[in-house]
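Let's take a walk through a protein model together. Keep the 3D view open beside you, and pause at each stop to find the spot for yourself.

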Amino acid sequence: MASADSPVRLTPGDQPDQPLKDTMALCLSGGGYRAMMFHLGALWRLNELAYLGRLDRISSVSGGSITAAVLGLHWDDLGIMPDQPAPHFGVVVDKIRKMASKTIDLESVLEGVLGPGTVSDKIQHSYDDLLFHGATLQNLPDTPRFVINATNVQSTVLWRFSKPYMRDWRVGEVLAPRIPLSLAVAASSAFPPILSPCEVDLKKYGCVFEPGTGADLQREPYTSKAILTDGGVYDNLGLETAWKSYKTVLVSDGGGQVAPEPQPHRDWARHAYRVLDIIDSQVRALRVRQVIDQFKTGQRLGTFWGIRTDIANYGLANALPCPHAETIGIASLPTRLKKLEDADQERLINWGYAVCDAAMRAHMDPGLGPPAAFPYGRGVG
């Protein structure tokens with residue numbers, strides 16, 4: 001459970017003395033298409049190392065939730081066997097690369113402003129059309145459990161979507177929710193201020209809260225409409241629903257860093273956007289330090305890799321060649337749902353693959369063999 005220096009905090013209903021599960025969780029951060037592709041590369045390597053089948057939970061926010069939801073929807077198609085790479089992981093690669101070839105944020109903003117419906121409605125439609133095709137949370141597998149996280153603007157706490165339940169500890173819990181998978185991902189990736197909020201009409205989807213499961217807000221209007229924003233607003237690494245319960249946690253961080261700007265915009269919209277970026281960057285940095293400190297002190301098992309990591313820090317003589325100057329360039333790609341050219345897609349996948357490999361071999365199992373090559377021949381340059 002969370003300690004005093006933990007990157008997550010205890011909430012009412014948590015059981016501090018409950019032992020941690022011996023199984024493994026994976027956390028996927030936000031960061032738009034940049035994070036989506038970076039995490040895809042990490043999953044590619046985890047699959048080759050036969051770790052996908054060892055995961056008991058995959059917790060995600062924002063751009064990480066796109067990758068996680070595609071993986072979850074196609075989980076049963078991958079052919080995962082114990083201690084063996086899934087032979088059909090390419091299905092996930094193809095789906096996510098198709099998504100990365102489409103710009104959906106700018107078009108959705110224009111349609112949301114000029115036409116009927118909201119920006120978030122348009123984003124959800126794009127996700128459903130390109131990836132999910134009417135699937136709901138009930139199409140996710142039972143194991144591992146996929147948890148797609150958003151932030152409830154009304155209650156100010158985490159809102160989690162999963163197959164067995166949908167929950168906000170203040171509002172309560174809905175069992176076996178039939179929320180569209182596209183809507184859960186749209187809520188999780190509703191970056192403020194442009195793509196936020198995402199409004200969920202709970203009555204439309206037959207959501208009935210279990211009596212007595214909310215701490216103090218199980219009443220109207222909280223139980224009929226949820227007004228949600230990006231999961232990264234509350235938890236930008238997707239830690240909350242994994243760190244409290246699992247002894248071993250793998251953390252993949254595809255978030256960027258705010259660059260200096262000598263003449264920042266002064267209009268309210270762009271100024272507010274930059275301020276939000278600064279807040280996210282500082283909170284992320286604090287959480288990363290706390291996560292790594294707990295790994296170093298043995299309070300938790302697992303490893304961390306990030307899009308801004310210097311691969312040389314893992315101390316492996318046979319890590320894939322990833323010059324830090326080049327990977328920092330990759331990390332500087334914008335946090336957008338904007339088309340990525342094939343070259344950038346492949347650089348992001350290669351970088352996520354390589355740094356995940358280094359983290360796993362340095363901190364999880366030194367006996368793992370090195371990869372023969374990058375997934376794509378261009379490397380990270």
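Start with a charge meeting a ring: Arg300 lies over the face of Trp243, and the distance to the ring centre is 4.5 Å. Before you go hunting for more, bear in mind that this is a predicted model. A second spot of this kind involves Arg97, whose charged end sits over the ring of Tyr376, 5.1 Å from the centre of that ring. Tyr376 has other company too, as Trp44, Phe89 and Tyr376 make up one aromatic cluster.

While we're on rings, the structure holds 5 aromatic pairs. One of them is made by Trp75 and Phe146, and this pair is edge-to-face, with 6.0 Å from centre to centre and 75 degrees between the planes. What does this pair tie together? Trp75 lies in the loop between helix H2 (63-73) and helix H3 (90-100), while Phe146 belongs to strand S3 (residues 145-152), so the pair links parts that are 71 residues apart in sequence. Are the two partners buried or exposed? Trp75 is buried, with a relative accessible area of 8%, and Phe146 is buried as well, at 2%.

Now let's step back and look at the whole chain. You can count 10 helices and 10 strands in it. Its C-alpha atoms fill a box of roughly 60 × 50 × 40 Å along the principal axes. How does the radius of gyration fit with a compact globule? For 381 residues, such a globule would have a radius of gyration near 21 Å, and the chain has 20 Å, so the two agree. Of those 381 residues, 54% count as buried. As for the outside, the chain exposes about 15800 Å², and carbon and sulfur atoms supply 53% of that area. Contacts tell you about the fold as well: if you take those with a separation of 6 or more, 76% are between residues 24 or more positions apart.

Next, back to H2, the helix that comes before the loop with Trp75. H2 is mostly covered, with 11 of its 11 residues buried. Among them are Gly63, Ile66, Val70 and Leu73.

Helix H9 (residues 324-331) is our next stop, where the buried residues are Thr327, Ile330 and Ala331. Where do they sit around the helix? They cover an arc of only 100 degrees around the axis, so they end up on the same side of H9. What do the buried residues of H9 pack against? Their partners are helix H1 (32-48) and helix H10 (342-363).

For a single residue with plenty of neighbours to look up, try Thr303, which is found in strand S10 (residues 301-306). Thr303 is buried, with a relative accessible area of 2%. Leaving aside residues up to four places away in sequence, Thr303 touches Val249, Leu250, Val251, Phe295, Ala359, Met360, His363 and Met364. Pro262 makes an interesting second point to find: Thr303 and Pro262 are 41 residues apart in sequence, and their C-alpha atoms are 36 Å apart in space.

Finally, let's look at some details of the backbone. Where can you find Pro193 and Pro197? Pro193 has its place in the loop between helix H6 (181-188) and strand S7 (198-201), and Pro197 is found in the loop between H6 and S7 too. Pro192 and Pro193 are joined by a cis peptide bond, with omega at about 0 degrees. The peptide bond from Ser196 to Pro197 is also cis, and there omega is near 5 degrees.

Two more loop residues are worth a look for their phi angles. His133 is not a glycine, yet it has a positive phi of about 50 degrees. You'll find His133 in the loop between helix H5 (119-132) and S3, and it is exposed, with a relative accessible area of 53%. Thr156 is the other one, a residue other than glycine with a positive phi near 70 degrees. Its place is in the loop between S3 and strand S4 (158-161). Thr156 is exposed, with a relative accessible area of 52%.

Definitions and conventions: Residues are numbered from 1 along each chain as its sequence is written. This is a predicted model: local features need pLDDT of at least 70, side-chain atom pairs count only at pLDDT 80 or more; totals for chains, interfaces and linings use all residues. Side-chain values use heavy atoms; hydrogens and water are left out. Rings of Phe, Tyr and Trp (its six-membered ring) pair if their centres lie within 6.5 Å; planes under 30 degrees apart count as stacked, over 60 as edge-to-face and the rest as tilted. Helices (H or I, at least four residues) and strands (E, at least two) are DSSP runs, numbered from the N terminus. Buried means under 20% relative accessible area, exposed over 50%, partly exposed in between (1.4 Å probe, protein chains only). A charge sits over a ring if NZ of Lys or CZ of Arg is within 6 Å of the ring centre and within 35 degrees of the ring normal. The arc is that of the directions from the helix axis to the C-beta atoms. Contact means heavy atoms within 4.5 Å. The radius of gyration is taken over C-alpha atoms; the globule rule is 2.2 Å times the number of residues to the power 0.38. Accessible areas come from the Shrake-Rupley method with a 1.4 Å probe; for residues, only the protein chains shown count as cover.
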